[in-house]
Every structure is written in structure tokens, then in C-alpha cells.
Amino acid sequence: MKLIEQKKFETDMKNLIVSPAPHAHSGDSVRKNMLLVIACLLPALAVSLIAFGWGALITTAISIVACVATEWLIAKFVLKQRPTICDCSAVLTGLLLAFNLPSALPWWIVVIGAVVAIAVGKMTFGGLGQNPFNPALVGRVFLLISFPVQMTTWPRPLGFETSYVDAATGATPLATLKQIVKGGDTGLIDQLPDLWDSFTGMIGGSLGEVSAIALLIGGIVLIACRVITWHIPVSILGTVALFAACTAPAGMCCGEYVAYSLLAGGMMLGAFFMATDYVTSPMTGWAKIIFGIGIGLIVMVIRTWGAYPEGMSFAILIMNATVPLLNKIRPRRFGEVVKK
């Protein structure tokens, strides 16, 4: 009898969670933070709908529905646990995946990307909070490697007169910059879109490339609401700006090259919404800064010397793998003795 009581006491003590005062709930929750991030992405989504028309709406809807359905099916029938789709994390993953896709991508490729993002990038590791890599980027990189032609066919922003399957295509600003940097063809500088168009969103590319200002506003709101901190976005953008200033191609204004490097591609989306993911980013301030610097360097190395014109997805996934090591960089506890 005493042995049973002892075991019961040990079990109760293991389940006892003690935290320092004050014992007050902050009011935050996974669902609340997810909904706030989704709300901050809505201005950029609105610009994408204006630029790409029905294709943007269809691609986004398919991606979100496929992500939610995949998570529900795996949780219900494979993991045999209560589905967690009500926390809206699958909705956010689907929205972010759509932001990394061309608006005219065939629907079945979107579904494949959503299944890979949730099944491989998230649920394989146990679900929300346990995945080491950003699920949306796992799906995007898988599609880029598996379907390179479809994933690099970029519709031009023509508005709602553009159909889903028959959109006019063209080169993105990053593809043109790549030719200028690697080929030294300064004549292509005139083919770059106006910086104002890059800032407001009337350029070709994926859904999340079209409006730097909308993404910037959404990111600033997230920082102001303390959903994310400034460390990762500022360190990424600062590193990219410094790198671009030091490697501007001959015949192109340094400031202009820096501006295009910051505004074109998935820079704003990655810096504010992808790299700052709670689960796959470091916890402490200095670790976040190192994390952001690493992403900025890898992005610019790929853009300058790599095969792809864009490198944000690869850079974030590579730095995701270093997070367990970066999390060891933490302040020394008060009174802690350092071993020599």
C-alpha cells in the first residue's frame, strides 16, 4: 500500500508545474497569434488578387483547403489524436505556401505542395511545435525541385481580366538582375521595372512577391503587437543591404541595386513572415540576430553566384537546421558558475 502511494506521489510531482509569480495569463494563444499573422497578410493578398485576378484566388483557396484537409486526415486516421485544425496553423501554412507559388500553377501541383508541407514538413515530426523546418517552405522547395518549369513560369500582373490557366508570362525582376550580375549585360537595366512598381506590387512573380509595402506594413504591425521581434527582420534586411552595396554590378547605381535586392523576390515575405516562425527560429535576441545574418548572407550568395535567381527559401531552411545550436546561445543565469 505504501509503495502504491509512493508511486502516486512521484507521478503527481512529475505532473506538477511550478512557475514564479505573478501567476497571470498573458491572454496569448496559438489561435490568436495565427489569426493576427493571417490578418497582417491580407493586405498583400488583396494586392495579389488585384494583380493576378482569379488565379491568385483559386491558388490560395486550393492551398488552404488542401493543407487543412491533410492535417485533419493525418491527425484523425494516422496519429489517432484530436485534430488541431481549429488553431488555424494549417490555414496559415496554406496561405504562406500560396504566397510562394505562381498564380497560374496547375491545381494538382498546389495540392501536392500542400500535402508535402503538412504531411512531411509538419505532421511527420508530431505536429505544431515539433517541426524543425518551416512547413510551407518544405512544400515550396519540393515543388521547385520536382516541377521546375511550372514553378518558374511567372504570370504578369494584368488584373482580373487574367484567367487562371491562360495568363501572360514574363521575367521577374530577380531573373533580370541575375543576368545583369552574372552576364554583365548592363543593357538589361532598362528592362527592370520601376522601383515604385516593385514597392507597390505591379510586378511579375509569385503571390508573395508583388507588394513590398503591403508586406512591410503587415510586418511592422506584427512587431508592434509583439507577435514577433525586430531582431530577425532587421538583421536579414541589414545584411542584404550591406552585401548588395558591396557587390553592386558595374554600370548600375549602388543604391538602386540595394533597393531592388530588398524589394524584389520573397525578401519581405521571408524576413517578416517566414523566418520569424516561432518553432523554427531561435529564442534569444543574439541568436536571432545571428540567424538573420546567416539568412541574409546565404540569400545574397545564391542570388549572386548560385543557379537560382532567388534563395530565400533555401536560406531559411538551411538556417532552420542550425536553430538547436543557436538556442544554446543564452544569457548566463544569475549566480551560475562557469566551468573552466
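I looked up phenylalanine 273 and, leaving out residues up to four places away in sequence, I found that Phe273 touches Val37, Cys40, Leu41, Leu96, Leu215, Gly218, Gly219, Leu222 and Met268, a contact being heavy atoms within 4.5 Å.

I noted that this is a predicted model, in which local features need pLDDT of at least 70 and side-chain atom pairs count only at pLDDT 80 or more, while totals for chains, interfaces and linings use all residues. Residues are numbered from 1 along each chain as its sequence is written, and side-chain values use heavy atoms, with hydrogens and water left out.

I then turned to the largest nonpolar core (buried Ala, Val, Leu, Ile, Met, Phe, Trp, Tyr and Cys residues joined through side-chain atoms within 4.5 Å), which holds 86 residues, and of these Leu41, Ile236, Phe273 and Ile295 touch the most other members. Helix α2, residues 30–52, gives the most to this core, with 10 residues. I also saw that at least three residues of the core come from each of domain 1 (31–151) and domain 2 (171–323), the bounds being those of an automatic or database domain assignment.

For the whole protein I recorded 16 helices and 0 strands, these being DSSP runs (H or I, at least four residues, for helices; E, at least two, for strands), numbered from the N terminus. Buried residues make up 49% of the 340 residues, where buried means under 20% relative accessible area, exposed over 50% and partly exposed in between (1.4 Å probe, protein chains only).

Last, I checked valine 30, which lies in helix α2 and touches Asp87 and Leu128, not counting residues up to four places away in sequence. Why do I class valine 30 as partly exposed? I do so because valine 30 has a relative accessible area of 40%.
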